[in-house]
Amino acid sequence: MSQQVAAVDTLFLHERSDGDFTVAVLRNGERMLHGRLELKETDAGPRPARLRVTDGSDEIPRPPDQFVEIARRASRIRISEQTARSERDRLRALFAGYQLDDKVKAVRTCRYCANAGRYSPLTDDTAIRADDEFICPDCAMRELEREANFRGLRSGARERLEELLLDVGDLERITDLLSGNLDPEVTRFDTVSATTDEIDLVETSSLNLHPGIQSKLESRFDTLLPVQSLAVENGAVDGRDQLVVSATATGKTLIGEMAGLDRVLNGEGKMLFLVPLVALANQKHEQFEERYGDIANVTIRVGASRINDDGNRFDPNADIIVGTYEGIDHALRTGKDLGEIGTVVIDEIHTLGEERRGHRLDGLVSRLKHYTERGTTASSRHGARGNMDTQWIYLSATVGNPEQLAGKLSANLVEFEERPIPIERHVTFADGQEKPRIENRLVKRAFDTKSSKGYRGQTIIFTNSRRRCHEITRKLEYDAAPYHAGLDYRRRKTVERKFADQELAAVVTTAALAAGVDFPASQVIFDSLAMGIEWLTVQEFEQMLGRAGRPDYHDEGTVYLLVEPDGSYHGSQEMTEDEVAFKLLKGEMESVMTTYDESSAVEETLANLVVAGKEAKRLNDRMVGEVPTKYALGKLLEFGFIDGLEPTRLGQAVCRHFLAPDEAFTMLDGVRKGSHPYDIVADLELMEEE
């Protein structure tokens with residue numbers, strides 16, 4: 001024993017619950033031994049009665065005098081402040097009896113460590129509050145780890161909670177996050193600062209556009225916004241193709257409007273304005289009718305046109321055609337005449353990178369370029385058209401590889417990274433049942449607050465299903481409405497009007513709003529980090545959170561992620577929602593690049609053959625993604641979709657209805673077996689699920 005403690009840095013004592021004292025002996029910061037000490041009262045004062053040293057699960061008795069020997073060899077003696085004052089006085093009297101009182105000092109220590117025989121002195125910088133006391137960071141981390149294990153938290157969430165624990169210094173405030181705590185000092189993940197680049201703004205009076213559009217611009221603005229000014233300086237109104245990458249609400253759409261309307265009014269061809277979703281097409285169509293209906297004819301062509309193509313809404317002779325990607329692609333696939341096109345504006349061009357829809361947009365761009373290039377030698381079904389160059393303007397808020405994409409599209413890159421107002425991003429944890437309660441509090445808090453510009457705070461809640469949209473809406477106390485593709489046009493327009501008039505505190509939506517429908521919300525809440533059964537990408541996430549805060553309405557934007565620990569929405573999801581949350585918050589923007597598997601290569605090659613015949617390979621070669629043309633042609637022959645390089649009747653039907661090969665064969669198999677149409681549809685739905 002004496003050899004073990006020949007050199008002792010610290011002798012540490014802490015009162016036990018049974019009245020004895022825990023003893024720890026340290027040398028060079030390492031614990032050499034620990035045990036328990038029992039005192040007795042004598043005429044000379046307190047003295048050691050029994051000393052027992054811990055050895056594994058055993059306690060080995062030692063002569064009490066050995067405790068005195070340890071104390072004499074110790075450089076310092078420390079008593080835990082958590083020890084009752086009366087017991088501290090007894091220990092001081094003990095050491096004074098051996099003339100060791102000059103080594104004694106009471107210090108604040110971690111009780112958890114002290115009970116386990118460890119010496120962990122605390123400072124104001126290291127102490128972590130736990131209930132009504134303070135513990136060391138290591139013990140606080142262990143307590144947090146136990147709670148995280150119980151909740152099933154994965155690595156990303158654990159790392160975030162550990163960071164917060166050290167920053168906040170309060171264990172209870174951090175563990176409360178796992179029950180939906182909305183303390184902003186704890187939930188705040190970061191603040192995305194407002195940034196303003198120094199751009200020389202272009203005066204609208206200097207644009208020299210056709211008087212019809214020039215007068216409208218001058219009546220609305222004295223100067224263009226920064227990204228608009230950059231686009232003009234880089235040839236937007238001089239016919240140059242552009243990829244414009246800039247955050248939501250920075251004014252990208254007007255770039256296409258200026259260029260397109262100028263060419264329309266100068267007789268240089270009509271404007272196509274393409275968007276990914278029907279809801280967005282309807283909104284743009286209405287805006288263009290209101291804004292430009294007195295100087296140009298506006299029509300709309302959406303995906304539903306391929307089912308009910310009665311021509312009542314679509315006028316191919318209009319000056320401005322607003323369309324969905326599928327609506328215009330269907331027109332090309334079925335040989336419709338779109339007239340002479342001077343400008344094509346494609347919004348949300350980052351859709352090229354989407355797994356399911358990217359290849360169709362890639363094919364559409366190539367097919368539409370083929371259409372605009374065909375000149376007066378075009379087939380009679382297209383009529384006579386001039387040889388004028390069509391201008392292409394591609395718009396996106398989020399692109400991870402803008403230079404590469406601009407090169408693939410043969411477009412001039414205009415990139416502007418300004419964020420008009422700051423966005424605070426918050427994270428808290430809750431299960432699916434708790435989330436609507438938290439959302440209700442956040443919606444009320446926002447709507448009860450007015451910005452310096454006089455607008456109430458309004459909220460967009462993103463969730464992963466239409467059913468969930470209605471479920472959340474019913475549980476909100478303030479006026480709110482669901483908004484998704486399953487609502488008819490009139491109901492969607494009513495929601496848009498009420499939100500714009502500040503009659504609604506919130507809209508609850510699926511992906512429809514993420515693509516760009518213009519709601520001036522101050523707050524975005526992610527009820528789910530999935531869309532359908534797929535986790536959001538960083539690109540989709542950034543696009544959606546960018547809806548929070550508008551410079552003309554709000555002072556800042558607020559984003560809340562409500563994260564379910566260990567949660568997922570489908571068996572195919574390998575990650576859990578708490579893992580995904582911090583991947584999205586810390587992740588880098590994905591590159592926009594179209595990839596092709598067997599099915600997508602076959603589908604796009606078939607569509608290019610239907611539209612361009614023997615020129616299909618040229619269309620394949622200039623697409624953003626690399627299409628294995630020879631392989632695709634072999635499969636088309638094998639499937640009976642083409643005969644030579646001519647589409648068969650089956651191939652034409654497959655192309656016209658945007659069918660993947662496996663979908664086509666599922667339908668054919670059902671028809672040949674005499675299956676009921678509902679059963680065929682059910683088989684297709686099941687295939688989609690898988």
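Let me begin with a single side chain, Phe639, which at 17% relative accessibility counts as buried, the cut-off being under 20%. This is a predicted model, and I will come to its confidence in a moment, but first I would like to stay with this ring and its partner. The centres of the rings of Phe639 and Phe665 are 5.3 Å apart and their planes stand at 75°, so the pair is edge-to-face. Since Phe639 belongs to helix 23 (residues 629-639) and Phe665 to helix 25 (residues 661-673), the pair ties together parts that are 26 residues apart in sequence. Is Phe665 buried or exposed? Neither word quite fits, because its relative accessible area is 31%, and Phe665 is therefore partly exposed.

That pair is one example of a wider set, as the structure holds 17 aromatic pairs. Another of them joins Phe526 and Phe541, with 5.0 Å from centre to centre and 40° between the planes, and this pair is tilted. Phe526 lies in strand 22 (residues 523-526) and Phe541 in helix 19 (residues 538-545), so here the pair ties together parts that are 15 residues apart in sequence. Both of these residues, Phe526 and Phe541, are buried. There is also an aromatic cluster, made up of Phe189, Phe429 and Phe582.

Now to confidence. The protein has an average pLDDT of 88, and 94% of the residues score at least 70. Confidence is highest in strand 15 (residues 341-346), at a mean of 97, and lowest in helix 18 (residues 511-514), at 64. Over residues 376-387 the pLDDT is below 50, and this stretch has 24 contacts in the model beyond near neighbours in sequence. Residues 304-312 also stay under 50, and for them the model has six contacts beyond four places in sequence. Where pLDDT is low, the predicted coordinates should not be read in detail.

Next, the open space, and in particular the second largest pocket, which holds about 1400 Å³. Of the 45 residues that line this pocket, those closest to its centre are Lys284, Gln287, Arg291, Asp518 and Arg550. Which helix gives the largest share of the lining? Helix 11 does, with seven residues. At least two lining residues each come from helix 9 (226-233), helix 10 (252-265), helix 11 (278-292), strand 16 (391-396) and helix 17 (489-500). Sorted by class, the lining of the second largest pocket has 17 nonpolar, eleven polar and 17 charged residues.

Helix 9 deserves a closer look, since seven of its eight residues are buried and the helix is mostly covered. The buried residues of helix 9 are Pro226, Val227, Gln228, Ser229, Leu230, Ala231 and Val232, and what covers them includes strand 11 (242-246), helix 10 and strand 17 (412-416). After helix 9 comes Gly235, whose phi is positive, near 95°.

Finally, the enclosed space: a search of the whole structure finds five cavities of 30 Å³ or more. The largest cavity contains about 60 Å³ of space, and its lining, by class, has six nonpolar, three polar and one charged residues. Among the residues that line this cavity are Thr248, Ala249, Arg419, Pro420 and Ile421, together with Gly546 and Pro551.

Notes. Residues are numbered from 1 along each chain as its sequence is written. This is a predicted model: local features need pLDDT of at least 70, side-chain atom pairs count only at pLDDT 80 or more; totals for chains, interfaces and linings use all residues. Side-chain values use heavy atoms; hydrogens and water are left out. On a 1 Å grid over the protein atoms alone, a cavity is a set of points where a 1.4 Å probe fits but cannot get out, and a pocket is an open set with protein on both sides within 12 Å along at least five of seven lines; lining residues have an atom within 4 Å of a point. Grid points are joined across faces, edges and corners, and a volume is the space filled by probe spheres set on the points. Helices (H or I, at least four residues) and strands (E, at least two) are DSSP runs, numbered from the N terminus. Ala, Val, Leu, Ile, Met, Phe, Trp, Tyr, Cys and Pro count as nonpolar, Asp, Glu, Lys and Arg as charged, and the others, Gly among them, as polar. pLDDT is the predictor's confidence in each residue, from 0 to 100. Contact means heavy atoms within 4.5 Å. Rings of Phe, Tyr and Trp (its six-membered ring) pair if their centres lie within 6.5 Å; planes under 30 degrees apart count as stacked, over 60 as edge-to-face and the rest as tilted. Buried means under 20% relative accessible area, exposed over 50%, partly exposed in between (1.4 Å probe, protein chains only).
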